[in-house]
Amino acid sequence: GDAELLAEATFGALLDGSAEKASALLTDAHASGRGLAALFDEVLCPSMRRVGDLWHQGELTVAQEHVATRAALSALQALGGALAAAGPLAPLAVCCGAGEDFHELPVNCSELVLREGGWAVLNLGANTPFYALAETVARRGPRLVAVAATVLADLDRAVREFEDLRAAAARAGASVVLGGAGFADAAVRRRLPADLHADSFTQLSKLSAKIRKK
């Protein structure tokens, strides 16, 4: 279908490191009415997963993988530039990547999905330990906290630090969303309880819309 064709074209652009082409494909699709969550779930993430798989199989060099990632980040910047600024009464969300995870892409996707949904977003970037996130939540009092992890380096440490984050979120009345491959395992989810363990950006989008209606 339509999404597969777009994903194929996007994958080709990323592989070539053509940020302009990848940006044009995604911004055109967004301008024609496709929501960002669907665009990330059906087009950008599958394309980047294919890049990652090829790299793991030794079909791509580290440099080629980096070139594709940079092109994807540029495309996200272009998409972000097309979004309206948050209004003065917009609720606040904080998003970041888990500690020792240096993947920027999922965090930036989360930020854009939330911004499209009318949130003001504080993006702390990749590699943010839970204790640092807890301090920010205590200080800023957001209504939503979204953490992405492609890999979770030290689960025991994450579990210890997560207690502080949960307490800070509870005091702020904030919902906590954990998403990405690092949080996908059932055993990890049991030890890191959240309001939502997201398997897609669409799920994040739906929960954030529900919170805004409250």
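This report describes the overall build, one helix pair, the largest pocket and the largest cavity of a predicted model.

## Overall build

The protein chain has 9 helices and 5 strands. Starting at the N terminus, the order of elements is α-α-α-α-β-α-β-α-β-α-β-α-β-α. Four helices therefore open the written order, and a strand follows them.

How does the chain compare with a compact globule? For 214 residues, such a globule would have a radius of gyration near 17 Å. The protein chain has 17 Å, so the two agree. Along the principal axes, the C-alpha atoms fill a box of roughly 45 × 40 × 25 Å.

## Helices α5 and α9

Two packed helices are described by the angle between their axes and the distance between the axes. Here the pair is α5, residues 105-116, and α9, residues 201-213. Their axes come within 10 Å. They cross at roughly 35°, and the crossing is right-handed.

Which residues make the contact? From α5 come P106, C109, S110, V113 and L114. From α9 come F201, L204, S205 and S208. Sorted by class, the contact has 6 nonpolar and 3 polar residues. No charged residues take part.

## The largest pocket

The largest pocket has a volume of about 1200 Å³. Its lining counts 40 residues. Closest to the pocket centre are R49, H103, L105, P106 and T150. P106 also belongs to the contact between α5 and α9.

Several elements build this lining. The helices α3 (36-56), α4 (62-81), α5 and α9 each supply at least two residues. So do the strands β3 (144-148) and β4 (175-179). The largest share, 10 residues, comes from α3. By class, the pocket lining divides into 23 nonpolar, 10 polar and 7 charged residues.

## The largest cavity

How many cavities of 30 Å³ or more does the structure hold? It holds 1. The largest cavity has a volume of about 120 Å³.

The lining of the largest cavity is made by A98, G99, E100, P129, F130, L152, A153, D154, R157, A158 and E161. Helix α7, residues 155-172, gives the largest share, with 3 residues. In terms of class, the cavity lining has 6 nonpolar, 1 polar and 4 charged residues. G99 counts as polar, because Gly is placed in that class. The charged residues are E100, D154, R157 and E161, because Asp, Glu and Arg count as charged.

Key:
Residues numbered from 1 in each chain as written. Predicted model: local features only at pLDDT ≥ 70, side-chain atom pairs only at ≥ 80, totals over all residues. Heavy atoms only, no water. Axes fitted to C-alpha atoms, helices over the stretch in contact; angles between N-to-C directions. Left-handed = near helix turned anticlockwise from the far one by under 90°. Contact = heavy atoms within 4.5 Å. 1 Å grid on protein atoms, 1.4 Å probe; cavity = no way out; pocket = protein on both sides within 12 Å on 5 of 7 lines; lining within 4 Å. Points joined across faces, edges and corners; volume = space filled by probe spheres on them. Rg over C-alpha atoms; globule rule 2.2 N^0.38 Å.
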